[in-house]
Amino acid sequence: MLLQTVITQYSNKFARLFGKSSGATGKLKVIFHDFPGGAEGFELMLKFSYNNGTADISPSNLFLACCAAEYMEMKEPVADVSNLLEQTEKSLQEISYWTWSDLLIGLKQCQSLLVPDSSVMVERCLDTIVGRLVLASEASPCPSTSSTDSSWVRYSCDSKSTESVKTSFSRLTWWFEDLLFLSPLLVAMLVKSMLSRKMDHLVISKFLLYYQKAKFSTATTHEKCKIIEMVIDMHYDMDLSCVPCKTLFGILRVTLGLNISKCSRNKLETMIGSQLDQATLDNLLVPSPHGISYLYDVNLILRFLKAFLRRGNSLVTPIQMRKVASLIDLYIAEIAPDPCLKTSKFLALATAIPDSARDSYDELYHAMDMYLEV
């Protein structure tokens, strides 16, 4: 009866459950299979109830307390007592004063909770982190290799010798290692916030590639697909003028052998196609998928060409068109000796480029000679 008396003062859910059982005989057994934070969250709620409606709220337990309060319906007090949710929301308003380490601790807790009620808190925490990064990039702070430093944005680097060996770009990437614990979903939310705050797209791209490389070392095949799909989707939202063509082809190489979604693959091919004039012959020599007889993935190059030409004359300059025409002629000459290459594929490549884009047909004639010999 003591538990019933104490907890029902603060939890509408418990008050309702005990109210329904008031006329029943025997003991009431309540099992929560999806309590936020499990036993730790339930214990935090009990401590609040047994401590006369007061709790020691800190960054390390704020999000857990908030989710527990939501779950136990502690929004409106059953009696004239303190409200746990009000206390957590008041503490959340002070998030802008948290240290960098506190923000990471809170974000880790949000990620571990995996409950819908945590989404708003995650966004609040991510937005605060991005705000720090924007401020840090403007102030060009010194890099740090440890996330345990409790300074506000870790400006404590005054060693001239250290500064001399650090490039300005490295001073913008000190946070990469700190955020590797994020799930692909949270990285996507982080990047969207970064894009809305006008952070440097090149830095964001570098972080995504750093994250992908670090995560792939221990990820399963399914996890790799989710990670690279997120990387592609986030790049698709960026200004492509800030994303080198070499970077996109690097992402393409990573996707080989992975069964990523058709949507993400189409996005990647569209991005590469839009910058095809910046590609090299080595970039285009992508091996054919398993089960295809010819050596190189001709269908992929045809899709690149289609994406490039889809931009239209208003966006493609004559110089860009000539570059692509020259590149495709070199590619045709490279794949012409392949005895398995179908005539239809050869013709499709040769005729995809408008005649006006070629200054000379010499390379194409040379490719035709080699193809006919084989």
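Is Lys198 buried or exposed? Lys198 counts as exposed, at 70% relative accessibility. Here exposed means over 50% relative accessible area, buried means under 20%, and partly exposed lies in between (1.4 Å probe, protein chains only).

This is a predicted model: local features need pLDDT of at least 70, side-chain atom pairs count only at pLDDT 80 or more, and totals for chains, interfaces and linings use all residues. Residues are numbered from 1 along each chain as its sequence is written, and side-chain values use heavy atoms, with hydrogens and water left out.

**The whole protein**

The protein has 18 helices and zero strands. Both are DSSP runs, numbered from the N terminus: helices are H or I with at least four residues, strands are E with at least two. Of the 374 residues, 45% are buried. The accessible surface comes to about 19600 Å², and carbon and sulfur atoms hold 54% of it. Such areas come from the Shrake-Rupley method with a 1.4 Å probe; for residues, only the protein chains shown count as cover. Among contacts with a separation of 6 or more, 72% join residues 24 or more positions apart. A contact means heavy atoms within 4.5 Å.

**A loop residue**

Lys198 sits in the loop between helix H9 (184-196) and helix H10 (201-216). Most residues other than glycine have a negative phi. Lys198 is not a glycine, yet its phi is positive, about 65°.

**A helix pair**

Helix H17 (residues 343-352) packs with helix H18 (residues 362-373) at an angle of about 175°, and their axes are 12 Å apart. Axes are lines fitted to C-alpha atoms, for helices over the stretch in contact, and angles run from 0 to 180 degrees between N-to-C directions. H17 is therefore roughly antiparallel to H18. That word covers angles over 145 degrees; under 35 is roughly parallel, 65 to 115 roughly perpendicular, and the rest oblique. H17 brings Thr343, Phe346 and Ala350 to the contact, while H18 brings Leu364, Ala367, Met368 and Tyr371. These residues divide into six nonpolar, one polar and no charged. Nonpolar covers Ala, Val, Leu, Ile, Met, Phe, Trp, Tyr, Cys and Pro; charged covers Asp, Glu, Lys and Arg; the others, Gly among them, are polar.

**Cysteines**

A disulfide is counted when two cysteine sulfur atoms lie within 2.5 Å. The count is zero. Two cysteines appear below.

| Cysteine | Nearest cysteine sulfur | Relative accessibility |
|---|---|---|
| Cys66 | Cys67, 5.9 Å | 10%, buried |
| Cys110 | Cys125, 6.0 Å | 2%, buried |

Cys110 forms no bond with Cys125 because their sulfurs are too far apart.
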